[in-house]
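Here's a quick briefing to read with the model open in your viewer. It starts with the overall fold and then works inward to cores, rings and a few single residues.

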Amino acid sequence: MGAMMSAPTIAQDELETTVAADVVSQYIWRGQDLGHVSLQPTLGIGYKGLSLSAWGSVGLTDSQDTKELDLTLAYTVGGFNIGITDYWTNAGLDPENRYFKYDAHGTNHVFEANVGYDFGLASVQWFTNFAGNDGVNNDGKRAYSSYMEVAVPFRLAKVEWEATAGAVPYATDYYGTDGFAVTNLSLKATKDIKVTDSFSIPIFGQVVANPCSQKAYLVFGFTLQP
């Protein structure tokens, strides 16, 4: 499961709505392969650092790919941010994949809290599952699965880049780890392609490696946003 590329935080001084969609060649989240070609829409509203956003994903070439709907409530002030995300996918404890089933032992929802800080030159984030269909640790108990990430943005050759390193701090089958493990090393490049004087399409390429699972991926995508 996964919500994958977390829903973006919206922090505005005025009330503002975001409507956008990504199309990606593969659905890769925190170093995990969650599907093939996918459409991933975003709808959000933000005001003075407080935001509420919905993010989804549906496979375009394989009907068995992950279907997902995530809701994120977040707050940003300065470089500091906190948030709570409700992830729902069609892969979980409920064979009927009911969205409004929240039973602790039969839901497809996972609830995650995050906290982070953007220092400008780099940002750090910590994520922990606190309820729902979380994984278990090596003793078979709820793992409170966690993930930590450092991202460094930079500009090179008129292209926006971001290098990311992410790790799982302790054992959980949610991320497929037996202890501390580096699960996400990625390098992403984004460039705007001008269509008209007032409209451009950001395209991006991303190399992702998961040292823990010994997997690597090359992802291409573009964003549509009015």
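From the N terminus on, the elements run β-β-β-β-β-β-β-β-β-β-β-β-β-β. That's 14 strands and zero helices, in what is a predicted model. The radius of gyration comes out at 17 Å, close to the 17 Å that the globule rule gives for 226 residues, so the protein is as compact as a globular protein of that length.

**Overall build**

- The C-alpha trace spans about 55 × 40 × 35 Å along its principal axes.
- Of the 226 residues, 42% count as buried.
- Take the contacts between residues at least 6 apart in sequence: 44% of them join residues at least 24 apart.

**Nonpolar cores**

- As background, nonpolar side chains tend to be buried together in soluble globular proteins.
- The largest nonpolar core here has eleven residues: Y27, W29, L34, W55, Y87, V110, F127, Y147, V168, Y174 and Y175.
- Another core, of six residues, lies apart from it, and its members include V24, F204, V208 and Y217.

**Aromatic pairs**

- The structure holds eleven aromatic pairs.
- W29 and Y87 make an edge-to-face pair, because their ring centres are 6.0 Å apart and their planes sit at 65°, where over 60 degrees counts as edge-to-face.
- That pair ties together distant parts of the chain, with W29 in strand β2 (residues 27–29) and Y87 in strand β7 (residues 80–89), 58 residues apart.
- W29 counts as buried, at 1% relative accessibility, and Y87 is buried too, at 1%.
- Y99 and F100 are another edge-to-face pair, since their ring centres are 5.1 Å apart and their planes are at 80°.
- Here the partners split on exposure: Y99 is buried, with a relative accessible area of 18%, whereas F100 is exposed at 70%.
- Ring pairs also link W29, Y87, F127, Y147, Y174 and Y175 into a cluster, and each of these residues turns up in the eleven-residue core as well.

**Charges over rings**

- R30 lies over the face of F127, at 4.2 Å from the ring centre; F127 itself belongs to the ring cluster.
- R142 does something similar with Y144: its charged end sits over the ring, 5.7 Å from the centre.

**T223, a buried residue in β14**

- T223 is found in strand β14, which covers residues 215–224.
- With a relative accessible area of 14%, T223 is buried, because the cut-off for buried is under 20%.
- Its side chain joins that of D22 through a polar contact of 2.5 Å.
- Leaving aside neighbours within four places in sequence, T223 is in contact with A21, D22, I201, P202 and F204.
- One of those partners, F204, is also a member of the six-residue core.

**K158, an exposed loop residue**

- K158 is found in the loop between β10 (146–156) and β11 (159–168).
- K158 counts as exposed, at 66% relative accessibility, because exposed means over 50%.
- K158 and K191 are 33 residues apart in sequence, and their C-alpha atoms are 8.0 Å apart in space.

Notes:
Residues numbered from 1 in each chain as written. Heavy atoms only, no water. Helix = DSSP H or I, 4+ residues; strand = E, 2+ residues; numbered from the N terminus. Buried < 20%, exposed > 50% of the residue type's maximum accessible area, 1.4 Å probe, protein only. Polar contact = N/O pair within 3.5 Å; in protein donor to acceptor, adjacent residues only side chain to side chain. Contact = heavy atoms within 4.5 Å. Core = buried A, V, L, I, M, F, W, Y, C linked by side-chain atoms within 4.5 Å. Phe/Tyr/Trp six-rings, centres within 6.5 Å; stacked < 30°, edge-to-face > 60°. Lys NZ or Arg CZ within 6 Å of the ring centre and 35° of its normal. Rg over C-alpha atoms; globule rule 2.2 N^0.38 Å.
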